[in-house]
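Work through these exercises with the structure open beside you. Try each task before you read its solution.

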Amino acid sequence: MKETVPSTTTHLTEDPETAAAFVKRGEVVAFPTETVYGLGGAYNNPNAIASIFAAKSRPADNPLIVHIAALHQLDDLVKTIPPGANQLIEAFFPGPLTLIFQRNSTVPDLVTAGLDTVAIRMPAHRLARTFIDACDVPVAAPSANRSGRPSPTSWQDVYTDLKGRIPCILKGGLSDVGIESTVVDCTSSEPLVLRAGGITLEALQEIAPTTSLYKDKMTGPARSPGMKYRHYAPKAAVSLVEEPTYVPADQSIAYIGRTPHPFPEQLGLHLHCSDTAAYAYELFRFFRRSDRAGIQQVFCQTVTREGLGTALMDRLEKAAAR
């Protein structure tokens, strides 16, 4: 069946109050955060939440993250905050960390994909929090891209994917982190990282030493975004390599990694990243550059699974999955 999403004019603004007016009318808005751009609507408005899923072509069993501007908004969203979660909140809110709690009945099933839990984040991005505060309600938001595509790190990326599908984009600068937030399940006895992201496992363990990384194969309902479906992929095929010497020199090929390719001028695109943080920051932008350049295959160098490398490898592997 052909997908049908009502066409609309996409309004561009730099004013958070103007953008918030759309949310107050029950509509959705793309907005900047320090991780990637989000596509948000009032968490307690089922029509707005349904619009998010429709605009993105997002599977209904993929839960959303509720974004807050102030800690007192947690009271309307969660049943209790475990002591371990309080430590993480004190250390990392606001920031690129999402925590999962038992939800209150005020949170609609559409937001949580029918789960009894809710994922919550307070962005560190000042414009994002100003916008959410102006909405007068927490904002449920996934990344502001078509599902499966590279997450957007600029308003131009959002416009490319969602022009005519959403009514408003709040324009901000480039995202500072470039990959999504870390998601930690706080509903069990020990914190469990369901999605690696902008806060490293090592940093979490400094605050909550028993925090561990979820490593089992995904079965049943996903408790976090990014666990179940193919994500983050450009139109080109993505292949992972340990060294750039495995990458053929061809103008239809792009390469990104820590080690430079020996013949970069013979590639369609080439990007040498100084460290893992720079690699993570550039990855989604590089994928979208590759799409614009008509690249047929993107080779990505693997990195060590430590620090931010854990999150980066997660994104690389999901982009390469077929």
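## Exercise 1: A helix pair

Task: Find the handedness of the crossing of α1 and α5, then describe how the two helices pack.

Solution. The model is predicted.

Step 1. The crossing of α1 and α5 is right-handed.

Step 2. Two packed helices are described by the angle between their axes and the distance between the axes. Take α1, residues 16-24, and α5: their angle is about 45 degrees, and their axes lie 8 Å apart.

Step 3. Name the relation. Angles of 65 to 115 degrees count as roughly perpendicular and those under 35 as roughly parallel. The angle here is about 45 degrees. The helices α1 and α5 are therefore oblique to each other.

Step 4. List the contact. From α1 come Pro 16, Glu 17, Ala 19, Ala 20, Val 23 and Lys 24. They meet Leu 127, Thr 130, Phe 131, Ala 134 and Cys 135 of α5.

Step 5. Sort these residues. Eight are nonpolar, one is polar and two are charged.

## Exercise 2: The sheet of eleven strands

Task: Give the strand order of the open sheet with eleven strands, and find its edges.

Solution.

Step 1. Read across the sheet: β1-β8-β2-β3-β7-β4-β6-β5-β9-β10-β11. The pairing is mixed.

Step 2. Look at the ends. β1 (11-13) and β11 (212-213) each have a single partner strand, so one side of each has no neighbour in the sheet.

Step 3. Add the helices. Helix α5 (residues 126-135) packs on this sheet and touches β2, β4, β7 and β8. The direction of α5 makes about 150 degrees with that of β2. Helix α6 (residues 155-162) lies across β1, β2, β3 and β8. It runs at about 165 degrees to β8.

Step 4. Check one pair. β9 (residues 182-185) and β10 (residues 192-195) run antiparallel and are joined by three bridges. Asp 185 has Leu 192 in β10 as its bridge partner.

## Exercise 3: The sheet of four strands

Task: Which strands stand at the edges of the open sheet of four strands, and what is its order?

Solution.

Step 1. The order is β12-β15-β13-β14, and the pairing is parallel.

Step 2. β12 (237-241) and β14 (269-272) are the edge strands. Each pairs on one side only.

Step 3. Now the turn between strands. On average, neighbours in this sheet are turned by 15 degrees against each other, direction ignored.

Step 4. Go pair by pair. Five bridges link β12 with β15 (residues 297-301) in the parallel sense. Leu 240 has Cys 300 in β15 as its bridge partner. β13 and β15 pair over four bridges, with Tyr 255 partnered by Phe 299. β13 and β14 are joined by four bridges too, and Gly 257 stands opposite His 272.

Step 5. Place the helices. Helix α8 (residues 276-292) lies across β12, β13, β14 and β15, at about 175 degrees to β13. Helix α9 (residues 309-320) lies across β12 and β15, at about 135 degrees to β12.

## Exercise 4: One strand, two faces

Task: Is β13 largely enclosed by the rest of the structure or left open, and why? Which way do its residues point?

Solution.

Step 1. Buried means under 20% relative accessible area.

Step 2. Five of the five residues of β13 are buried, so the strand is largely enclosed by the rest of the structure.

Step 3. In a regular strand the side chains alternate between the two faces of the sheet.

Step 4. Apply this. Ile 253, Tyr 255 and Gly 257 point one way from β13. Ala 254 and Ile 256 point the other way.

Technical notes: Residues numbered from 1 in each chain as written. Predicted model: local features only at pLDDT ≥ 70, side-chain atom pairs only at ≥ 80, totals over all residues. Heavy atoms only, no water. Pairing = 2+ DSSP bridges. Contact = heavy atoms within 4.5 Å. Axes fitted to C-alpha atoms, helices over the stretch in contact; angles between N-to-C directions. Parallel < 35°, antiparallel > 145°, perpendicular 65-115°, else oblique. Left-handed = near helix turned anticlockwise from the far one by under 90°. Nonpolar A, V, L, I, M, F, W, Y, C, P; charged D, E, K, R; others polar. Buried < 20%, exposed > 50% of the residue type's maximum accessible area, 1.4 Å probe, protein only.
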